[in-house]
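Subject: Structure handover and notes

Hello,

Please find the structure below, followed by my notes on it. Let me know if anything in the notes does not match your own reading.

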Amino acid sequence: DFLDNVYAAQRRRYTFQNETKMASSLCEDVFHFAGIQMMTVRDHSSEKSNILADVASLLFVQLRAKQVNNRDNFLHDLESACAAANDYYRMSEKAEDLMEEIKKQCIGHADVESTLDDSLSALLDLYGTDAVYAAQSCHTFVFKSIEDSIGDRLFDREWEENLTQNQHAVTIVKTMQDFAEDLKNWLDPFLYFKFIDSIVMATSVFYVKHLVLKAETYKEKKGSVFGDNSGAIARMKGDIKIFRDYFESLQQVPNLTKTIKRELGVLDIIIECLATAGTATATSYDEASQMMNALYFEMHGDLELTKRLVGDLWHLAAPSNEVHAWKYMKHKMQWATIEGQSYERSDQEGLKLDMTLRAFYKISKRKIPKSMKKKLKEKIQKVGSPSKKKERSPQSSDSSSFSSAARKLGFGSGNKGKKVVDSQSP
């Protein structure tokens, strides 16, 4: 029908608000159609009739259905995603304006107004969450650039021994900064703040994902993957400090402090757990138990996912002791019962550590201790991706770097026309 043609039409992007914000004509095209529909009904109905309100309710339902069917078609590159985010945000405003016009024609019909409010509320919620989703999806283009630049070098021997100024972390921050400067101009301020939230979350996920990929590709049964565990831990803490300093400098972003504390706090826990694994003492497991519990809560009560992550940390720092860590978690730890997490549409794999790790471990080829392998695999497959409410597949990405394992495990995503800022470049 006509709305399908509106969404399918090829349209050029343009800018508005001082010629900086990205947009397309989608918002205007959709609501031009809606306005014509309502004008036609109004011109052919009496003031006492409820037909205008009935048609408006049906129109809002139709607009919602068409948005659900087509909303993902506009997120294929950075500029398109920014334009879509702004378009969806403006569509929520247009819907409210249309509602006010319709209500003026329905004065005195309280039951009609209630029906209109219900149908409009569902449409506004959809446009709002879609706008945020589109803005936060921009993180994939940021981290594709980072992945292509340093993905195969993060946690390697040069990173550990030679990059004493934490150059890879500086590269990550400079690249985020470069993208953020553009998106501050391209996105509505509210949506820009949501994008900043997303890169804080994505930074934590990216860092942990590369750690577990390091475990995936490390085949030795004795000796740490690092030349010196304590030196590697110090380097990681330096990386995290650089990330934290950058994010904390963005003081204009509302509630960012809470996001920083939550997301980088997970990195702090993981690094401390890794450090404890490397001490290889009889009390290492007792010392790590509190951190294991914290990770269990971060995994939303997915015990097998927690065990696999902790096992990877031990495999990196002290592979010969990994089986003891597994046995400790099985026989010595007491785990609280936590209600499983159900995901919303706004949850994206690259922003949720448990979603990312669950997808990672489903296709992992690393040999874990034999006594645990069969049970773990069965439970992870059974848990799967516990999405009850999610209406779309989470964003994933491909990488041409690091190794065949990296490509299979889904690093990176499409990116056009954006260069990474490499701190080691002249």
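What share of the contacts in the chain with a separation of 6 or more comes from residues 24 or more positions apart? The share is 79%. Please keep in mind that this is a predicted model.

Overall figures

The chain has 426 residues, and 53% of them count as buried. Its secondary structure consists of 18 helices and 2 strands. About 20000 Å² of the chain is exposed, with carbon and sulfur atoms supplying 48% of that area.

Salt bridges

There are 16 salt bridges in the structure. One of them joins the side chains of Glu28 and Arg90, with an N to O distance of 2.5 Å. Glu28 belongs to helix α3 (residues 26-43) and Arg90 to helix α5, so this pair ties together parts of the chain that are 62 residues apart in sequence. The two partners differ in cover: Arg90 counts as buried because its relative accessibility is 13%, while Glu28, with a relative accessible area of 29%, is partly exposed.

Two other pairs sit within a helix. In helix α8 (residues 157-161), Glu160 and Arg157 are 3 residues apart, about one turn of the helix. They form a salt bridge in which the closest N and O atoms are 3.5 Å apart. Glu160 is buried at 6% relative accessibility, whereas Arg157 is partly exposed at 41%.

The other pair, Lys307 and Glu304, is in helix α14 (residues 303-317), again with 3 residues and about one helical turn between the partners. Here the closest N and O atoms of the salt bridge are 3.9 Å apart. Both Lys307 and Glu304 are buried. The spacing in these pairs fits the usual geometry: an α-helix has 3.6 residues a turn, so residues three or four places apart point the same way.

Beyond the pairs, Arg308, Asp312, Glu322 and Arg366 are linked in a network of salt bridges.

Charged patch

Which residues gather in a patch of negative charge on the surface? They are Glu93, Glu96, Asp97, Glu100 and Glu101. Glu93 lies in helix α5, which covers residues 78-104. With a relative accessible area of 42%, Glu93 is partly exposed. Helix α5 also holds Arg90, the partner of Glu28.

An enclosed helix

Why is helix α16 (residues 353-362) described as largely enclosed by the rest of the structure? The reason is that 8 of its 10 residues are buried. The buried residues in α16 are Leu353, Asp354, Met355, Thr356, Leu357, Arg358, Phe360 and Tyr361.

Backbone points to check

Most residues other than glycine have a negative phi. Two residues are listed here on that account. Asn166 has a positive phi, near 55 degrees, and is not a glycine. Asn166 is found in the loop between α8 and α9 (167-186), and at 11% relative accessibility it counts as buried. His300 also has a positive phi, of about 55 degrees, without being a glycine. His300 is placed in the loop between α13 (284-298) and α14. With a relative accessible area of 28%, His300 is partly exposed.

Regards

Technical notes. Residues are numbered from 1 along each chain as its sequence is written. This is a predicted model: local features need pLDDT of at least 70, side-chain atom pairs count only at pLDDT 80 or more; totals for chains, interfaces and linings use all residues. Side-chain values use heavy atoms; hydrogens and water are left out. Patches are made of residues with over 30% relative accessible area and no salt bridge: like charges are joined within 9 Å, nonpolar side chains (Val, Leu, Ile, Met, Phe, Trp, Tyr) within 5 Å. Accessible areas come from the Shrake-Rupley method with a 1.4 Å probe; for residues, only the protein chains shown count as cover. A salt bridge is a side-chain nitrogen of Lys or Arg within 4 Å of a carboxyl oxygen of Asp or Glu. Lys and Arg count as positive and Asp and Glu as negative; His and the chain ends are not counted. The place of a charge is taken as NZ of Lys, CZ of Arg, CG of Asp or CD of Glu. Helices (H or I, at least four residues) and strands (E, at least two) are DSSP runs, numbered from the N terminus. Buried means under 20% relative accessible area, exposed over 50%, partly exposed in between (1.4 Å probe, protein chains only). Contact means heavy atoms within 4.5 Å.
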